[in-house]
Amino acid sequence: MVGARVNPRSGVLLVNLGSPAAPTPAAVRRYLKQFLSDRRVVNLPPLLWQPILRGIVLTTRPRRSARLYKSVWTAEGAPLVVNTRRQAAGLATRLTGQGVAVAFAMSYGAPSLAQGLAQLAGCERVLVLPMFPQHSASTQGAVFDALAAALRPAMRLPTLRFVADFHDHPGYIDALAASVRAHWAVHGRGDRLLMSFHGLPQRNVDRGDPYAGQCARTARLLADALDLKDDQWQLAYQSRFGKARWLEPATDATLRAWGAQGLARVDVVCPGFVADCLETLEEIASGGQRIFQAAGGGQFRYIASLNDSPAWLDALADLLRAQLAGDCQ
Ligand SMILES: C=CC1=C(C)c2cc3[nH]c(cc4nc(cc5[nH]c(cc1n2)c(C)c5CCC(=O)O)C(CCC(=O)O)=C4C)c(C)c3C=C
Ligand SMILES: [Fe+2]
Ligand SMILES: [Fe+2]
């Protein structure tokens, strides 16, 4: 546990997606097997999907993904886990004095939900915050399932509160806007700002997943906070996986088109990721730049995720205090 009191009455559990234990094909295979077997993520009949997963995906993807993970791995471990650990530590310094313990966990890999909850043993109330600003059944739903599974053996349940999303929270939008402005103050302002969100299969949205609507709302609020005109920014979706149709426009196609138009300077921010990870550091900061420049574009700048920046952790602490002060009394 990060700096809790002896027996605090309330606990906060931050939950993000999770990473492999090591940047090796074997560890990535274990991680992808758990992740991609979750029906919240790939909702196909297991008799159809499991042979494809085991016979094709898990025999080809781990080697390539391990190479990508290796390119972003740090001395302390996977960026997503390192950044989430720092966020938990930063929140603990803000909340522990108020009798609130803070721990973190991952939907897939380690630390598991059971390990995270064990850090909060003795808390009568537990507030679970999935670290995905926009709601999707594939992410929040997976956290909820993992939470229920982790609590199955419990003889005494805490009072629980689950934050469904925070896509329009003023503190989150302000922290994003401040981080873009700080970037502009140092590097100058690009011709256009691309707001790249993780993608989702179109059929999930057709079935009622609010994800795309919430991404659009976050993007609009951020554009307004930055006083951007409509021709100065665009929303796009990254990280397509598999053969189905995913949300559009795609980040890679957009960057290719902007490069071909000969744009001299673009900035890219990923508001759906509050912690830098493989998908931002490798896919966007490296891969996005390659695509844009190969197509003829000029300068490309990736704006880091909020990670453990003080303004973001202050906003997050406010969000958590407000949630804890709600009907959790
Ligand atoms: C931010 C929200 C996310 C949504 C929504 C989401 C949906 C989703 N993802 C996949 C498939 C993969 N995602 C992978 C990595 C990954 N995804 C997110 C976030 C969301 N995913 C994060 C933060 C990460 C990075 C993890 C890290 O360790 O840094 C991967 C694994 C990496 C790889 O092999 O490329 C896959 C696969 C699907 C199918 C999906 C929605 C249905
Ligand atoms: Fe993903
Ligand atoms: Fe990806």
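These are my notebook entries on a predicted model.

**Entry: domains**

I started with the domain assignment. The protein is divided into domain 1, residues 25-72, and domain 2, residues 170-303. I then took the C-alpha centres of domain 1 and domain 2, which lie 26 Å apart.

**Entry: nonpolar core**

Next I looked up the largest nonpolar core. It has 90 residues. Those with the most contacts inside this core include V12, L13, V15 and L91. V102, V128 and L129 are also on that list. Which domains feed this core? Domain 1 and domain 2 each give at least three residues to it. In soluble globular proteins, nonpolar side chains tend to be buried together.

I picked V128 for a closer look. Leaving out residues up to four places away in sequence, V128 touches L13 and V15. Under that same exclusion, V128 also touches V143, L147, L160, F162 and V163.

**Entry: the annotated pair**

I checked the UniProt record for annotated positions. The entry is unreviewed, and under "binding site" it lists H198 and E279. How far do these positions spread in sequence and in space? They span 82 residues of sequence, yet they cluster in space, with a largest C-alpha distance of 8.1 Å.

I took H198 first. H198 is in strand β5, residues 192-198. Is H198 buried or exposed? H198 counts as buried because it has 27 C-beta neighbours inside 10 Å, and the cut-off for buried is 20 or more. Setting aside residues up to four places away in sequence, I found H198 touching Q238, S239, G272 and E279.

Then I turned to E279. E279 is in helix α10. With 21 other C-beta atoms within 10 Å, E279 is buried as well. Beyond its neighbours within four places in sequence, E279 is in contact with H198, Q238, S239 and F273. So H198 and E279 touch each other by the C-beta criterion of 7 Å. Q238 and S239 appear in the contact list of H198 and in that of E279.

**Entry: around helix α10**

I followed helix α10 outward from E279. This helix covers residues 278-294. Together with β7 and β8 it makes a β-α-β unit. Which hand does the unit have? I noted it as right-handed.

The two strands themselves came next. β7 covers residues 265-269 and β8 covers residues 299-303. They pair in the parallel sense, over five bridges. I looked up one residue for a register check: V268 has Y302 in β8 as its bridge partner.

**Entry: two helix residues**

I looked at A175, which is in helix α6, residues 170-187. A175 is buried because 20 other C-beta atoms lie within 10 Å, and 20 is where the buried class begins. Which residues does A175 touch, leaving out those up to four places away in sequence? I found L306, A311, W312 and A315. I also took a long-range distance. A175 and L48 are 127 residues apart in sequence, and their C-alpha atoms are 43 Å apart.

R321 is in helix α11, residues 310-325. R321 is partly exposed, with 15 other C-beta atoms within 10 Å. From R321 to A22 the chain runs 299 residues, and the C-alpha atoms are separated by 35 Å.

**Entry: backbone exceptions**

I closed with the backbone. Most residues other than glycine have a negative phi, and most peptide bonds are trans. I looked for exceptions.

A cis peptide bond joins A110 and P111, with omega about -5°. P111 is in the loop between β2 (100-106) and α4 (113-118). Another cis peptide bond joins E248 and P249, with omega about 5°. P249 is in the loop between β6 (233-238) and α9 (251-260).

For phi, I noted D227 and N307. D227 has phi near 55°, a positive value in a residue other than glycine. D227 is in the loop between α8 (211-225) and β6. Is D227 buried or exposed? With 8 C-beta neighbours inside 10 Å, D227 counts as exposed.

N307 has phi near 45°, again a positive value in a residue other than glycine. N307 is in the loop between β8 and α11. N307 has 19 C-beta neighbours inside 10 Å and so counts as partly exposed.

Note on methods
Residues numbered from 1 in each chain as written. Chains lettered and ligands numbered in written order. Predicted model: local features only at pLDDT ≥ 70, side-chain atom pairs only at ≥ 80, totals over all residues. Core = buried A, V, L, I, M, F, W, Y, C linked by C-beta atoms within 7 Å. Buried ≥ 20, exposed ≤ 12 C-beta atoms within 10 Å, placed from the backbone. Domains from an automatic or database assignment. Contact = placed C-beta atoms within 7 Å. Pairing = 2+ DSSP bridges. Helix = DSSP H or I, 4+ residues; strand = E, 2+ residues; numbered from the N terminus. Right-handed = clockwise from strand over helix to strand, strands pointing away. UniProt positions renumbered as here; feature names shortened; annotations may be inferred.
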